[in-house]
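Work through the exercises below with the sequence and the model side by side. Try each task before reading its solution.

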Amino acid sequence: MRKIVGIDIGGTNVRAALADERGRLLHVLYRRTDPKNLIGQIFELVEEFSDYDGIGVSAGGPLDINRGTLLTPPNLDVADMEIVRPIERRFGTKCYLLNDCVAGVMAEKFFGAGRSHRNVVYLTFSTGIGGGVIVDNHLALGKDGNAHEVGHFLFEPDSRVRCGCGAYGHWEAFCGGKNMPKYAKYLLRTLYRGKETRLRGARDLRAEDIFGAKGDRIAVDIARRVCMISAIMVANVVNAYDPEVVSIGGSIMLNNRSLFLDAIGRYSRSYAINRMPKVMATPLGHNVCLLGAVASVLHPDWIRRDSAPSQRA
C-alpha cells in the first residue's frame, strides 16, 4: 500500500503526517509555525518519515501553484517563498502545493463528505475564511491557483472593518479568527458603546473569548452576528457554485458547530437563489487539510493543467 507525506502550513502550526492511500493517518507531527524558518521546519518534519511515494503541501493563499510559491498570505508573515522546489531538491520526490481549502475539498472528495458527489464545496472558519470548490468533478483552480478566495467576498462595501489583506468589508474581516477581535472592538466602540461586558476589559481579546463568554449578553450577541454574517456569505457561495454539499471545518466552526449550523439553517435559505445543498461540519475534523495534501499526491491529475480528472463519480 502506498504511503504519502502530507504537510499543512498554518498560521499557528506546521503539521506533517504519514498516511496511507485510504486516508488513514499513521503518524502526525507538528511544530509552532516560525515564518523565518518555515522551510527548515518542513525539512525537520519530513525527515521523521521514511518509505513514502510523494509529498503534498497545503497552505493558506494566495499562492502561485505554477511556481510552487507562497505569495503574501495575510495570516502568515512570508512573501514570495518557494515551497515546492526546495522540497523536491531535498527529498528527491514529487511535491504538490495547494491552497489549504483546495486541499480540503480534495480530502472531502476522496475521503469525506463529497465521495458520492460531483459538486462539492469545502469552507474553513479558522484564523481566516477560505474555500475549495469542485464543480462537475473538476477542481476550480484559476490562473494562479486562487479561484476560491471566498473569504475575500465583499460583505459590507462601506465598512470600517479592515481585513488582513488590507481591504475593508470582506467576510474574513468580520468572521476570521484573527480579525474577529478587531470587529468586536469596533462594535464595543460603536453599537455597544458604554454597555457593560467582560470583553471590554480583555487585554488580548481572542475569538475564543467571544464564543466562550457564556452569560455575557454582549459577547453572545457579537457571536450571533458573526454566525449570521457567515450564514449570509454561505448563501453567496451556494449562489456562486451550486454545490450538492457544503462541508465546513476550521477550529472556530468545529468548536462552535451548533451555533454556526443553526445560523446557516436559519438565514442562508433567505439569501440563496440556488437550491440549498446539505451543509455540515466536516467528518474529517481537524485533519481535513492534511488529508487533502495526501490526496493531491494520490490524484495529481486533478491539479495538472494539461489533463482532466480520471475519476468520474
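**Exercise 1. Decide whether the radius of gyration of the protein chain agrees with that of a compact globule.**

Solution. Begin with the length of the protein chain in this predicted model, which is 313 residues, for which a compact globule would have a radius of gyration near 20 Å. The protein chain has 19 Å, and therefore the value agrees with the globule rule. As a further step, consider the extent of the C-alpha trace, which spans about 60 × 45 × 30 Å along its principal axes. Finally, look at the contacts between residues at least 6 apart in sequence, of which 62% join residues at least 24 apart.

**Exercise 2. Describe the make-up of the protein chain, including what share of its residues count as buried.**

Solution. The protein chain contains 10 helices and 13 strands, and 56% of its 313 residues count as buried. Turning to the surface, the protein chain exposes about 14100 Å², with carbon and sulfur atoms supplying 45% of that area. As for charge, there are 41 positive and 33 negative side chains, and the centres of these two sets lie 5 Å apart.

**Exercise 3. Explain why Cys101 and Cys289 are not bonded to each other.**

Solution. First, find the cysteine sulfur closest to that of Cys101, which belongs to Cys289 and lies 5.7 Å away. Next, compare this distance with the cut-off, since a disulfide needs two cysteine sulfur atoms within 2.5 Å. The separation is too far for a bond, and a search of the whole structure finds zero disulfides. Cys289 is accordingly in no disulfide. Both cysteines can then be placed by their accessibility: Cys101 is buried, with a relative accessible area of 1%, and Cys289 is buried too, with 10%.

**Exercise 4. Determine whether helix H10 is enclosed or open, starting from its buried residues.**

Solution. Helix H10 covers residues 288–298, and its buried residues include Val288, Cys289, Leu290 and Gly292. The count is 11 of 11 residues buried, so helix H10 is largely enclosed by the rest of the structure.

**Exercise 5. Set out where Lys278 and Tyr192 lie, and state for each whether it is buried or exposed.**

Solution. Take Lys278, found in strand E13 (residues 278–281), where a relative accessibility of 55% makes it count as exposed. Leaving out residues up to four places away in sequence, Lys278 touches Glu244, Val245 and Val246. Its C-alpha is 36 Å from that of Ile42, a residue 236 places away in sequence.

Tyr192 sits in the loop between helix H5 (180–189) and helix H6 (207–212), and at 4% relative accessibility Tyr192 counts as buried. Beyond its neighbours within four places in sequence, Tyr192 is in contact with several residues, among them Leu187, Arg200 and Ile218. The C-alpha atoms of Tyr192 and Ile218 are separated by 7.6 Å, although the two are 26 residues apart along the chain.

**Exercise 6. Identify what is notable about the phi angles of Asp51 and Asp80.**

Solution. Recall first that most residues other than glycine have a negative phi. Asp51, which is not a glycine, has a positive phi of about 60°, and Asp80 likewise has a positive phi, near 50°. Asp51 lies in the loop between helix H1 (38–46) and strand E4 (55–59), and at 68% relative accessibility Asp51 counts as exposed. Asp80 lies in the loop between strand E6 (69–70) and strand E7 (81–82), and with a relative accessible area of 47% Asp80 is partly exposed.

Key
Residues are numbered from 1 along each chain as its sequence is written. This is a predicted model: local features need pLDDT of at least 70, side-chain atom pairs count only at pLDDT 80 or more; totals for chains, interfaces and linings use all residues. Side-chain values use heavy atoms; hydrogens and water are left out. Helices (H or I, at least four residues) and strands (E, at least two) are DSSP runs, numbered from the N terminus. The radius of gyration is taken over C-alpha atoms; the globule rule is 2.2 Å times the number of residues to the power 0.38. Buried means under 20% relative accessible area, exposed over 50%, partly exposed in between (1.4 Å probe, protein chains only). Contact means heavy atoms within 4.5 Å. Accessible areas come from the Shrake-Rupley method with a 1.4 Å probe; for residues, only the protein chains shown count as cover. Lys and Arg count as positive and Asp and Glu as negative; His and the chain ends are not counted. The place of a charge is taken as NZ of Lys, CZ of Arg, CG of Asp or CD of Glu.
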